[in-house]
Structure formats: C-alpha cells, structure tokens
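Hi everyone, thanks for making time for this. I'd like to walk you through a structure, so let me put it up on the screen.

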Amino acid sequence: MTGTEFRSAYHEHKDAVYRFAWRMTSSPDASEDIVQEVFLSLLRHPDRFDSAKGPLRPFLLGVARNLVLKRWRAENRWSAVVDEQFVAQPIAQPVDVTQGETAGIVAAAVGSLPPLQREVLLLAEYEELFAR
C-alpha cells in the first residue's frame with residue numbers, strides 16, 4: 001500500500017471507524033485511540049488486507065471490533081453472555097417522540113443493548129454491512 005493509497009483509505013473510512021468505535025464504547029477518547037490503532041495496523045501490516053476477500057471498510061471495522069473487545073477484556077467489561085441479557089425489559093414510561101429528542105432516545109436504547117446485539121445493529125443499520 002502506497003502512502004497515497006493509505007491517505008485515501010484514511011480519509012474515506014476514518015469517520016465510519018470512529019462512529020462504530022464511539023457507538024460501541026460511548027467514549028470519544030477510546031474511539032480516537034481505536035481509530036489510531038486501526039490505521040496504524042493497516043500502515044504497519046498492509047498485507048493483512050486482501051481485496052479479493054472484500055472491501056476495505058468491513059476489514060477496518062473488523063479490526064476496530066477486535067480492538068473494542070480487547071479493550072473491554074482489559075477493563076473487565078466483557079463477561080460471559082447470559083440468556084437474561086437477551087430478554088427485552090419493559091419501558092417504565094412510554095416514549096414521547098413528539099418532544100424532538102428522538103436521536104437521544106435512540107442513542108440511549110442502542111447503548112443499553114447487550115454488546116453483541118449492539119454490534120449487529122450498528123453494523124447492519126448504521127454501516128449497512130448486511131444484506132437486507
């Protein structure tokens with residue numbers, strides 16, 4: 001990968017990697033660190049990306065995902081998934097979307113999902129990586 005190709009890849013995909021990391025970690029600082037690590041990894045080991053296997057963006061998001069999981073393990077935030085995590089909890093108050101705070105409500109709902117469900121939702125809905 002040439003310097004020009006790397007710069008182009010960075011400018012094209014940095015925002016998507018940041019958004020994914022931020023939605024997974026809820027931390028701007030952690031997200032910035034993850035973006036930096038993702039692109040340093042690409043710069044140091046460009047041979048790990050094989051364009052015959054797929055586009056660059058899913059590859060970079062996969063690297064970001066692995067870094068998020070690594071961070072969670074280091075922080076002891078990653079625990080075994082238990083069945084109760086997949087049971088929908090009732091909402092205490094009905095949501096009033098007329099208040100104009102829909103984005104905040106959605107962000108809170110996504111943030112409250114168990115990690116694996118949140119990851120699938122983010123990749124499918126926000127990054128459009130799964131066929132519909």
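So, to kick off: how many salt bridges does a search of the whole structure find? Three. Keep in mind that what we're looking at is a predicted model.

Let me go through them. Lys 14 pairs up with Asp 15, and there the closest N and O atoms are 3.3 Å apart. On the accessibility side, Lys 14 comes out at 22%, so it counts as partly exposed. Asp 15 is partly exposed too, with a relative accessible area of 43%.

Now over to Arg 71. One of its salt bridges is with Asp 33, with the closest N and O atoms 3.8 Å apart. Arg 71 sits in helix H3 and Asp 33 sits in helix H2, so this pair ties together parts that are 38 residues apart in sequence. Arg 71 has a relative accessible area of 22%, which makes it partly exposed, and Asp 33, at 35%, is partly exposed as well.

Arg 71 also forms a salt bridge with Glu 37, and again you'll read 3.8 Å between the closest N and O atoms. That's another link between distant parts of the chain, since Glu 37 is in helix H2 and Arg 71 is in helix H3, 34 residues apart. Glu 37 is partly exposed, at 35% relative accessibility. Put the shared partners together and you get one network made of Asp 33, Glu 37 and Arg 71. As a general reminder, side chains of opposite charge can pair when their charged atoms come close.

Okay, on to the greasy part. Which residues have the most contacts inside the largest nonpolar core? They are Val 17, Phe 20, Ile 34, Val 38, Phe 39, Leu 42 and Leu 60, out of 24 residues in that core. Four helices each give two or more residues to it: H1, running 3-25, H2 at 28-44, H3 at 56-74 and H5 at 115-126. The biggest giver is H3, with nine residues.

Let's zoom in on Phe 39 for a second. What does Phe 39 touch, if we don't count residues up to four places away in sequence? The list is Phe 6, Ala 9, Tyr 10, His 13, Lys 14, Val 17 and Leu 60. You've met Lys 14 already, as the salt-bridge partner of Asp 15. And Val 17 and Leu 60 were both on that list of core residues with the most contacts.

That's my tour, happy to take questions.

Key. Residues are numbered from 1 along each chain as its sequence is written. This is a predicted model: local features need pLDDT of at least 70, side-chain atom pairs count only at pLDDT 80 or more; totals for chains, interfaces and linings use all residues. Side-chain values use heavy atoms; hydrogens and water are left out. A nonpolar core is a set of buried Ala, Val, Leu, Ile, Met, Phe, Trp, Tyr and Cys residues joined through side-chain atoms within 4.5 Å. Buried means under 20% relative accessible area, exposed over 50%, partly exposed in between (1.4 Å probe, protein chains only). Contact means heavy atoms within 4.5 Å. A salt bridge is a side-chain nitrogen of Lys or Arg within 4 Å of a carboxyl oxygen of Asp or Glu.
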